[in-house]
Amino acid sequence: MSRPSADLVVLGDCNPDVLVTGDDVTPSFGQQEKLVDGISLVIGGSAAITAVAAARLGLSVALAAAVGADPAGRFMLDQLSAEGVDVEAVVVRDDMPTGMTVALSRGGDRAILTALGAVASLTAADVPASLLAGARHVHASSLFLLEASLGPGLAGLFTAARAAGATTSLDTNWDPAGQWTSEHLAAAIGATDLLLPNEAEALRLSGALSLDEAVAKLTASGARLVVKLGERGALCVDGPVRHRVSLPPVIPADTTGAGDCFNAGLIAGLLDGMELPRAAALGCAAGALSTAAPGGTASAPDRTAAVKLAATASITAA
Ligand SMILES: Nc1ncnc2c1ncn2[C@@H]1O[C@H](COP(=O)(O)OP(=O)(O)OP(=O)(O)O)[C@@H](O)[C@H]1O
Ligand SMILES: [Mg+2]
């Protein structure tokens, strides 16, 4: 049986988050026990959160990722399936644990501990060619976490997807190793239609001292660029045309996954034929709404809620 084609194929990290919430979530060593407001097990991994957020917005979505043959991997597969995400291309490794994150969250800030496990084993060869060939858009998340595995083949996957008529986007997210540069990264940036860093990442990826300089460097390949600016919204760069897009700031309960939900909204808008700033407004709406509840996907909105809030966005030439 041939696989039904997806609007969106997401490549990258898939792991549960153990989310610890409260005013004081700082651990005390010396075998001290502290009580916190809540601890929950939720969908984590930038790629998995983006996939769920896009499915909530009505896209048909497939995820390509790697988990272990353990309860944490089963949890992710069950949760993603319940959200309508196609997990047939999520590889289950018998010899590795599923990646796990512990996030200590106090409102607008969080500390994160991650064990990568199977996350860092996904290679380009694990991504079925038929899945890419049928996709309208291919998005890759967390390249630095998968640098040694997916890194070498990502530019080739983007090139193949674009040759088959899809558009592509890349959100590298943060580089825990602090390197911010590699041959594979440069090739992937050169091969994608759209790059989606936040402001701190844009500066580090480009080695620039100002956002203006970062924009010039990151768009040299001809890629479009959207820089996420937290509560200040986003900056859209399409050739010489720049727009600032924003919504009134909200006080977040937890910002985990805001960038991933933003990506999902932006991609949904572009696949609907919107111009980049209008699509970014849908991204801002999805990002802002996602901060209302702890975890990456608990308050990721449906299309009606995102469209309603996006209609109130301010879009100005920058
Ligand atoms: N406090 C807020 N008020 C309104 N909108 C917000 C707020 N925080 C985030 N957003 C929206 O969500 C988008 C993405 O958030 P952010 O800039 O934090 O991305 P990120 O740093 O990539 O996030 P992540 O940590 O999930 O990778 C922003 O561009 C903005 O539109
Ligand atoms: Mg991000």
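Select valine 18 and leucine 41: valine 18 stands opposite leucine 41 in β3. The model is predicted, with local features shown at pLDDT of at least 70, side-chain atom pairs counted only at pLDDT 80 or more, and totals for chains, interfaces and linings taken over all residues. Residues are numbered from 1 along each chain as its sequence is written, and chains are lettered from A and ligands numbered from 1 in the order in which they are written.

**The open sheet**

Widen the selection to β2 (residues 15–21) and β3, which pair in the antiparallel sense over 7 bridges. Strands here are DSSP runs of E with at least two residues, helices are runs of H or I with at least four, and both are numbered from the N terminus. Two strands pair if DSSP finds at least two bridges between them.

Now show the 4 strands of this open sheet, in the order β3-β2-β6-β7, with mixed pairing. β3 (38–44) and β7 (109–115) are the edges; each has a single partner strand, so one side of each lacks a neighbour in the sheet. From one strand to the next the twist averages 20°.

Add helix α2 (residues 71–82), which lies across β2, β3 and β6 (100–106) and runs at about 95° to β2. Axes are lines fitted to C-alpha atoms, for helices over the stretch in contact, and angles run from 0 to 180 degrees between N-to-C directions.

**Leucine 11**

Go to strand β1 (residues 8–11), where leucine 11 is found. Is leucine 11 buried or exposed? Leucine 11 counts as buried because 31 C-beta neighbours lie inside 10 Å. The cut-offs are 20 or more other C-beta atoms within 10 Å for buried, 12 or fewer for exposed, and partly exposed in between, with C-beta atoms placed from the backbone.

Outside its neighbours within four places in sequence, leucine 11 is in contact with Ala47, Ala64, Val127, Val138, Ala140 and Leu150. Contact requires C-beta atoms, placed from the backbone, within 7 Å. Next pick alanine 188: leucine 11 and alanine 188 are 177 residues apart in sequence and 13 Å apart in space, C-alpha to C-alpha.

**Two helices**

Alanine 188 leads to the next pair. Select helix α4 (residues 151–163) and helix α5 (residues 183–191), whose axes come within 8 Å and cross at roughly 10°. They are therefore roughly parallel to each other (angles under 35 degrees). On α4 the contact uses Gly151, Pro152, Leu154, Ala155, Phe158 and Thr159, and on α5 His184, Ala187, Ala188, Gly190 and Ala191.

**Two hairpins**

Move to strand β11 (residues 224–228), joined to β12 by 4 bridges in an antiparallel run. Lysine 228 stands opposite alanine 234 in β12. This hairpin has 5 residues between its strands, and glycine 230 in the turn has a positive phi of about 60°.

Colour strand β12 (residues 234–238) by burial: 4 of its 5 residues are buried. On to strand β13 (residues 241–246), which runs antiparallel to β12 with 5 bridges joining them. Cysteine 236 has histidine 243 in β13 as its bridge partner. The hairpin of β12 and β13 has 2 residues between the strands, and glycine 239 takes a positive phi near 60°.

**Ligand 1**

Finally, select the 22 residues around ligand 1; Asn198, Lys228, Gly259, Cys284 and Gly287 come nearest. A residue is near a molecule if its C-beta atom, placed from the backbone, lies within 6 Å of it. The elements giving two or more residues to this shell are α8 (258–271) and α9 (276–290). α8 supplies the largest share, 4 residues.

Key
Two residues are in contact if their C-beta atoms, placed from the backbone, lie within 7 Å. Angles under 35 degrees count as roughly parallel, over 145 as roughly antiparallel, 65 to 115 as roughly perpendicular and the rest as oblique.
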